[in-house]
Amino acid sequence: MTPSIRWLLAALTFLFSAISVAPVHAQESDPAATIQKFGGKQSYDETEAVISELAATGDARVARALRALREGDLYWRESDEAVFIAERNGDNYDLLDPLTGEPAGSEPRGDMSKVRVKNSIRNAVTTALGSLTLRAENPAQRMRAAETLFSEADPEMIEPLDAAIEAESNADVLIRMQEARAAAVLASDRPAPEKAEAAQVLANRGDRESLTMLNRFANSTEDQAARTAAIAAIAAIENNIAFWNQAQNIWYGLSLGSVLLLAAIGLAITFGVMGVINMAHGEMVMLGAYTTFVVQEFIRTSAPGLFEWSLLIALPLAFLVSGTVGLVMERGLIRFLYGRPLETLLATFGVSLILQQAVRTIFGPSNREVGNPDWMSGAFDIGLMSVTWNRLWIIIFALAVFAALLIVLNKTPLGLQMRAVTQNRSMASAMGIRTPWVDAMTFALGSGIAGIAGVALSQVDNVSPNLGQGYIIDSFMVVVFGGVGNLWGTLVGAMSLGILNKFLEPYAGAVLGKIVVLVLIILFIQKRPRGLFAQKGRFVDA
Amino acid sequence: MKSAVTWMQRTAAAAAMVVMGVTGASAQEPSGEPIKVGILHSLSGTMAISETTLKDAMLMLIEEQNKKGGVLGRPLEPVVVDPASDWPLFAEKARELISQEEVAVVFGCWTSVSRKSVLPVFKELNSILFYPVQYEGEESERNVFYTGAAPNQQAIPAVDYLIDEGVERWVLEGTDYVYPRTTNKILEQYLKDKGVADEDIIINYTPFGFSDWQTEVSRIKEFGSTGKKTAVVSTINGDANVPFYKELGNQGIEATDIPVVAFSVGEEELAGIDTAPLVGHLAAWNYFMSVDTPENEDFIAKWHEFIGNEDRVTNDPMEAHYIGFNMWVKAVEEAGTTDPDEVIAALPGTEVPNLTGGTSVMLPNHHITKPVLIGEINDEGQFDVVSETEDLVPGDAWSDFLPESAKLKADWVELKCGNYDTEAEKCLGDTAMAEEAAN
């Protein structure tokens, strides 16, 4: 049963009842009265019938009530079943008139009931809105209406669309409307030449939905020329899609790579440069994520206006928190274990368990909610590829952290001393560098960077005590694969592992893909034990 | 801070109870040697996120029961151990509970692998385990009582609901372990029996804790763009859910386009996410916190009072423990003893009210009857019930949709067997166990 038939039936029923039951009311299509029918306990079918009735009025003013219904903001008062749009205000609801949007007093929450909705009701509303808002003032609304009608592909809508196309002034909306019309024409029983023309419009659109419609058209049409044209268009679209699929894979790979880079870059300092096998590295990331949570909690309670800035505020704090914990770890534990990798491994593993349980005791075992600021939500399209903002920002952020770290290592006194100490400790010491202090600072820097990574990862992963565990193995993999002691190796290693993973995933599945990557790395390490970018020089074996 | 307040409240409550006990000792004051009740839930490690709440729920139920006069006039004493999300440790801790602490009954486990790991211990030492989580079925043991949903009490009704909503294409997306694999096997067969074509089903697995959902979600998007109504049936476990829903939201897939029905996402899991992008996605359970019954209202009020935090939610496995615990209490009262053999014999047929307004019965196959509720996520992190089975659905240990188990039957009352082959007319299981049960 297509929505159009349902719609038509409902409209007919309505007409019929209007004529037979209430012949006295000439103005039967009074939308305010119809909206009131949402009141009272109703089955979903009854609600859907009222929606069709509203759509049949053709009155654009009912759009407000319908939109409120879709968002779950439409309520009825239990005392008299009057319908309002309700906005929550403490223990009360502020009521608005569903037709005009004028304030209409307020009621305690207990006295109001929500008009129940489910997905099929929301869909019915969207369809109804599509036809109602085709002539709306706002171009964005007309755009949405055209897109809804495109996916509906309802022959009934060809004439309203024709009228709307006639009146349309916005070029982008016009194209969408013509596409919607073409989709409707293909689904109708219009003459063949008109359909061939419509197929051409869809071929120009060139996305997956048009592909489906063209396929259906090519299989059903009698017109030989039109079919050949459609088949050619299908082939072109498929090529196009295949191209964008590859682009999408690379993009996903870069995005996974940037997450790996963020997780591993701190380790590239503590393990890569200093040679400390730090199993608590993941917990430094986790501490950074929890710092973000605390910052956001604080902002929510005391300065809600700053929420959009919460991540920027959290960055330095996360660096400080994780850096301090790192400093304490180095001074209190790791410095006694230099040159004893096995003991270091066990001791830092112990620290990681302690940190996890500490966080679990303080914040509880369940996930904590870290919100996405608006500028990190949603997606935009490039060609047939959708790019999500949060992934884009994380790639930019990862590269920025990488660049900053390069500058610190190569352009600052601390960086110079760090390199000196790792290359030849006794010589550096002889030159007057306080090597223990440099060790402590290096470890704190690596941990602090991990904390910063935690701020970014809080946007894509769960903030839970287990956050760090998921990243520790991947981080070591990246550093070892890229070449221990080389920052560029970490960058290339992370990106190539990310892309490899994402190219394997569609073919092998996520589980097998991961296994294949691991096997490949093992083979690679057999061939080149020092990773992609092996350190060369005298100090390598020191 | 919060925990300190809770602690103080609890101490105050305890002090008040002591004072009350001294001044006006009620007639029902339990006395005598306490009956020990084992609680085997992970309080640390990856599963702590789900299981800690169940430990608290059990402590609350036991406290309530003691206020009502205990069991057989004796007080109940909870014994809590922490198996730390470590499967072999579950078996060790179970042994410790039964042989050293000599508990009368154990409430515990979450994952199927932890249940499988403690099974031999419960058989060997002949004790009772109440298992409160929805699981893949294909099991019925004499010593275990399954108060969570079997597949026919969760997965099948959820798929039926979606078929009614016009869904024709199916993505079965799960975490790679036994529960999703078995459930998906059952669902695949069920869908094919319903006439769904092979190319309209894809089954996909991801590892535990998977967080990079970009490829999977874009594949779902592509699969759903053919014009046929598509839905995702998700058996994704635990922490992997949050990034999955986030990615769905980011890629602009709304519940009205491609709804996701989940079997492992409840109120507790939603507590960690901003639910605005999830509105309209579905979950199938036997209980929702939003269910409007006096029993449920009472239960939520008691829970909030016990835990000292109005924001804490209740969920389906908590209700399962509520039912299981009350059944055990009733069976012990009926048997007049905590002896495992007599309690096991008394349990089938025991009826107790559940929190959704019905009465659940323990069946001879050690599963219970439950209503099946389908809920849509709303923007408050709760579920709006959109569909409910008219009657309670009896739990089926062996799925009718797997050829090798369709012929099996579990009945511990008449047949004394957990896997009776109705074709060969014999019990496949450990026959010694069945005989022992008969004695």
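Colleague: In chain B, what joins strand E4 (residues 129-131) to E5(B), and in which direction do they run, parallel or antiparallel?

Modeller: This is a predicted model, and in it three bridges join E4(B) to E5(B), with the two strands running parallel. A pair of strands needs at least two bridges between them, so the three bridges found here are enough for E4(B) and E5(B) to be called paired. Within this pairing, Leu129(B) stands opposite Val144(B) in E5(B).

Colleague: Which strands of the open sheet in chain B are called edge strands, and what makes them so?

Modeller: The sheet has five strands, in the order E2-E1-E3-E4-E5 of chain B, with parallel pairing. Strand E2 (76-81) and strand E5 (144-146) of chain B each pair on one side only, and that is what makes them the edge strands. From one strand to the next, the twist averages 25°. Helix H2 of chain B packs on this sheet, where it touches strand E1 (35-40), E2 and strand E3 (105-108) of chain B, and its direction makes about 170° with that of E2(B).

Colleague: How do you know that H2(B) packs against helix H11 (residues 316-335) of chain B, and at what angle?

Modeller: Two packed helices are described by the angle between their axes and the distance between the axes. For H2(B) and H11(B) the angle is about 35° and the axes are 10 Å apart, and the crossing is right-handed. The contact involves, among others, Leu54(B), Met58(B) and Leu61(B) of H2(B), together with Met318(B), Tyr322(B) and Phe325(B) of H11(B). Its residues divide into nine nonpolar, three polar and no charged.

Colleague: Why is H7(B) called mostly covered, and how many of its residues are buried?

Modeller: A residue counts as buried if 20 or more other C-beta atoms lie within 10 Å of its own, and seven of the ten residues of H7(B) are buried, so the helix is called mostly covered. Those buried residues are Gln214(B), Thr215(B), Glu216(B), Val217(B), Ser218(B), Ile220(B) and Phe223(B). They pack against elements of both chains, namely helix H11 (224-273) and helix H20 (487-527) of chain A, and strand E6 (169-175), E7, strand E8 (230-235) and H8 of chain B.

Colleague: Which element gives the most to the side of chain B that touches chain A?

Modeller: The contact takes 44 residues from chain B and 42 residues from chain A, and on the side of chain B it is H7(B) that gives the most, with six residues. That side divides into twelve nonpolar, 20 polar and twelve charged residues.

Colleague: How do H11(A) and H20(A) cross, and within what distance do their axes come?

Modeller: Their axes come within 7 Å and cross at roughly 145°, with H11(A) passing H20(A) in a right-handed crossing. The residues of this contact divide into 16 nonpolar, seven polar and one charged.

Colleague: Why is one side of strand E4 (103-108) and of strand E5 (112-114) of chain A left without a neighbour in the sheet?

Modeller: Both strands stand at the edges of their sheet and each has a single partner strand, so one side of each is left without a neighbour. The sheet is open, with five strands in the order E4-E3-E2-E1-E5 of chain A and antiparallel pairing, and neighbouring strands are turned by 45° against each other on average, direction ignored. The partner of E5(A) is strand E1 (residues 74-77) of chain A, joined to E5(A) by three bridges, and Tyr75(A) stands opposite Lys114(A) in E5(A).

Definitions and conventions
Residues are numbered from 1 along each chain as its sequence is written. Chains are lettered from A and ligands numbered from 1 in the order in which they are written. This is a predicted model: local features need pLDDT of at least 70, side-chain atom pairs count only at pLDDT 80 or more; totals for chains, interfaces and linings use all residues. Two residues are in contact if their C-beta atoms, placed from the backbone, lie within 7 Å. Helices (H or I, at least four residues) and strands (E, at least two) are DSSP runs, numbered from the N terminus. Ala, Val, Leu, Ile, Met, Phe, Trp, Tyr, Cys and Pro count as nonpolar, Asp, Glu, Lys and Arg as charged, and the others, Gly among them, as polar. Axes are lines fitted to C-alpha atoms, for helices over the stretch in contact, and angles run from 0 to 180 degrees between N-to-C directions. A crossing is left-handed if the near helix is turned anticlockwise from the far one by less than a right angle, and right-handed if clockwise. A residue is buried if 20 or more other C-beta atoms lie within 10 Å of its own, exposed if 12 or fewer, and partly exposed in between; C-beta atoms are placed from the backbone.
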